[in-house]
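Subject: Structure for you to look at

Dear colleague,

I am handing over the structure we spoke about, with the sequence alongside. Please open both before reading on, since my notes follow below.

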Amino acid sequence: MKIFNHLSDLWNAALPILADHVWQSTLFAIVAALLTLVLQKRSARIRYGVWLAASLKFLIPFSIFTAIGSRLSPKHVAALANPGLYVIDGVTQPFSQPLPRVHSAVITATKSMAPIHWESLVLAFWLCGFLTVLLIWIGRWWRISVARRNATTVTTGREVLSLRRLEHAAGIKTELPVLLSPTSLEPGVFGIFRPVLLWPCSISEHLDDPHLQAVLTHELCHVQRRDNLAAALHMLIEALFWFHPLLWWLGARMIEDRERACDETVIELGSQRRIYAESILRVCEFCLSSPLTCVSGVTGADLKKRMVHIMNDRMVLKLNFTRKLLLWTAACLALAIPIVYGLFNPTSGRAEADSMGAPRYTIVSIQPHPAETSEFPRAKMMLSLIDSNFKARGVSAETLIQLAYHVPDTQVVAAPDWLGSARFDIDAKVDKAAADQMQKLTEDQRSALGGPMLQGLLADQFKLKVHQEARDIPVYELTIADGGSKLHKQADGRHGLMKFGMGELTSSGAPLDLLAAQLSMRLGRTVVDKTGLAGNYAYSLHWTPDADEQARMRHDEMIAPHTAATTSSAPPLLTAIQEQLGLTLQPQTDRVQVLVIDHIEQPE
């Protein structure tokens, strides 16, 4: 069950990426299909190559090439914000950015007492289809494997001598083993990396020498083209994306042009059209077709169309130099476009900073914070974006973790008792080379490095080890009330300021995920933004906090101990949200990504 949960969590994170990859690959396949229409009068080998590229695209996301371009971008260098001092007084803005998709991503769940997550249902449905397709193909492969084991290797006879002459004429140095099989399966090439020719015992007596040579030439074409490997890869893709009808249609087109390509080669090598067509019909008369596309035979695809194609003596047009150049240009563009996109649009934000590797604080001093007479100690932190120094007075490890991972305390679990009570004074600096490098960064890149640098500090000095997992926990869902939202959206999209105090939240233009983060601190329960409202909003919220909220705010260093609450005439928080903002908070149980502390030590 635990393994399934981990698999389900991984699926939940990968599902949006997978959906993006599927539609991109679908678009690529549609473009490939249009290209084959243009190449309809050309050699089947060319169309088969286009179909194969469209199939393999489902295994290769465009994001790989975009990432390569992003790594090559001159903008892609390591990452903190405008020059000056960024003072965090009591962690005034611990969630100033939208919750990152890795550390605090909330996974949608159904609203029930025992939530069943639709992503898990999709995973179970996909897994059933995948295993069904796989088991069907394993059964067919086993059938051919039995025939392979019961077959007898032969080194003499009409079939072997004719095959060796054809190999010598084609310049093939590795001899293809011939196995006589007592089954009625058609002649076929079995195996991917070490192929063998399965030849039914009873078929030779029905084939004259020219017919025999034509069939063997066809099978040698499959070996030289490595059609079994290509078919096996497409079968894997069909199993992974069994739900996509376009792939099954694409597979049929691949088989059709694969057999036509071999037919064209046999005719080009001198076989008479009538004799070659007769040889295929005789094999069909006395043998069964191969049950797997990765076992190349001679009777595949639509037999009627193949006979028409073989007997039609029209000239197959070959590509001239200009058309070949255009085809290769199209292939290169398919690879170059995502790379160029990544080159000029390097990944920004937190993911970029993590992939680049944030600079480490190399000179660090940590001292216990002197005892204070105040019941609630006041923490202060200052991060200099000029020389990259970090200073903190009276800060707890709990506060550092929240700031480093952009996660509220409601989503930090397995914390030791001292995590929020022990206070420290910290002075940390990076070396001169790292400081000089950071000064060359853009504003977005520098602003993304604060969290990863604090993560490194926690790992080095506090020996912090964490992992993420999804858990079903009580949350509040922030939704739009029946009367509609009373928020005022910033038309120009600019960011404003947020002011907060005891029983007060005022914004001149901030995203709602920041409001959800602030409400999480006051309620002691994760608030999930389900409003669907994007952009920055202005609002003014005033309420009367209860005793638990006041204690939490002071303990979490958000409000100074002497700060007074708003007047008692203001409504409670849940009521104020609905009356003043046109929003509601509904208690639910959702699956949320939490940060689990595996190990942490107090620094010496």
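A salt bridge is taken here to be a side-chain nitrogen of Lys or Arg within 4 Å of a carboxyl oxygen of Asp or Glu. Please keep in mind throughout that this is a predicted model.

Salt bridges

By that criterion the structure holds 20 salt bridges, and a few of them are described here. The side chains of Arg 158 and Asp 209 meet in one of these, with a distance of 2.9 Å from N to O. Arg 158 belongs to helix H5 (residues 158-170) and Asp 209 to helix H6, so this pair ties together parts that are 51 residues apart in sequence. Arg 158 counts as partly exposed, because its relative accessibility is 35%.

A salt bridge within a single helix is formed by Asp 436 and Lys 432, both in helix H14 (residues 432-438), and the closest N and O atoms of this pair are 2.9 Å apart. The two residues are four apart in that helix, which means that about one helical turn separates them. Asp 436 is partly exposed at 37% relative accessibility, whereas Lys 432, with a relative accessible area of 62%, is exposed.

There is also a network of salt bridges, and it links Arg 258, Glu 259, Asp 263 and Arg 306.

Glu 264, Glu 268 and Arg 45

Why does Glu 264 have no salt bridge? The nearest side chain of opposite charge, that of Arg 45, is 4.6 Å away, and a salt bridge requires the nitrogen and the carboxyl oxygen to be within 4 Å, so this pair does not qualify. Glu 264, which is found in helix H8 (residues 245-268), is nevertheless buried. Its side chain does reach the backbone nitrogen of Ala 44, at 3.3 Å.

Arg 45 does form a salt bridge with Glu 268, where the closest N and O atoms are 3.9 Å apart. Both partners of this bridge count as partly exposed, Glu 268 at 49% relative accessibility and Arg 45 at 34%.

How the helices around H8 are arranged

Two packed helices are described by the angle between their axes and the distance between the axes, and I give both values for each of two pairs that involve H8. The axes of helix H2 (residues 44-56) and H8 come within 8 Å and cross at roughly 150°. That angle makes H2 roughly antiparallel to H8, and the crossing of the two is left-handed.

H8 also packs with helix H9 (residues 273-286), at an angle of about 135° and with the axes 10 Å apart. These two helices are therefore oblique to each other, and H8 passes H9 in a right-handed crossing.

Two residues with positive phi

Finally, you may wish to look at the backbone at two places. Arg 226, which is not a glycine, has a positive phi near 55°, and this residue is found in the loop between helix H6 (209-225) and helix H7 (227-240). His 406 likewise has a positive phi, of about 50°, although it is not a glycine, and His 406 is found in the loop between helix H13 (397-405) and strand S10 (412-413).

Is each of these two residues, in turn, buried or exposed? Arg 226 counts as exposed, because its relative accessibility is 54%, while His 406 is buried, with a relative accessible area of 8%.

With best wishes

Note on methods. Residues are numbered from 1 along each chain as its sequence is written. This is a predicted model: local features need pLDDT of at least 70, side-chain atom pairs count only at pLDDT 80 or more; totals for chains, interfaces and linings use all residues. Side-chain values use heavy atoms; hydrogens and water are left out. Buried means under 20% relative accessible area, exposed over 50%, partly exposed in between (1.4 Å probe, protein chains only). Lys and Arg count as positive and Asp and Glu as negative; His and the chain ends are not counted. A polar contact is a pair of N or O atoms within 3.5 Å; within protein, one must be able to donate a hydrogen and the other to accept it, and residues adjacent in sequence count only if both atoms are side-chain atoms. Axes are lines fitted to C-alpha atoms, for helices over the stretch in contact, and angles run from 0 to 180 degrees between N-to-C directions. Angles under 35 degrees count as roughly parallel, over 145 as roughly antiparallel, 65 to 115 as roughly perpendicular and the rest as oblique. A crossing is left-handed if the near helix is turned anticlockwise from the far one by less than a right angle, and right-handed if clockwise.
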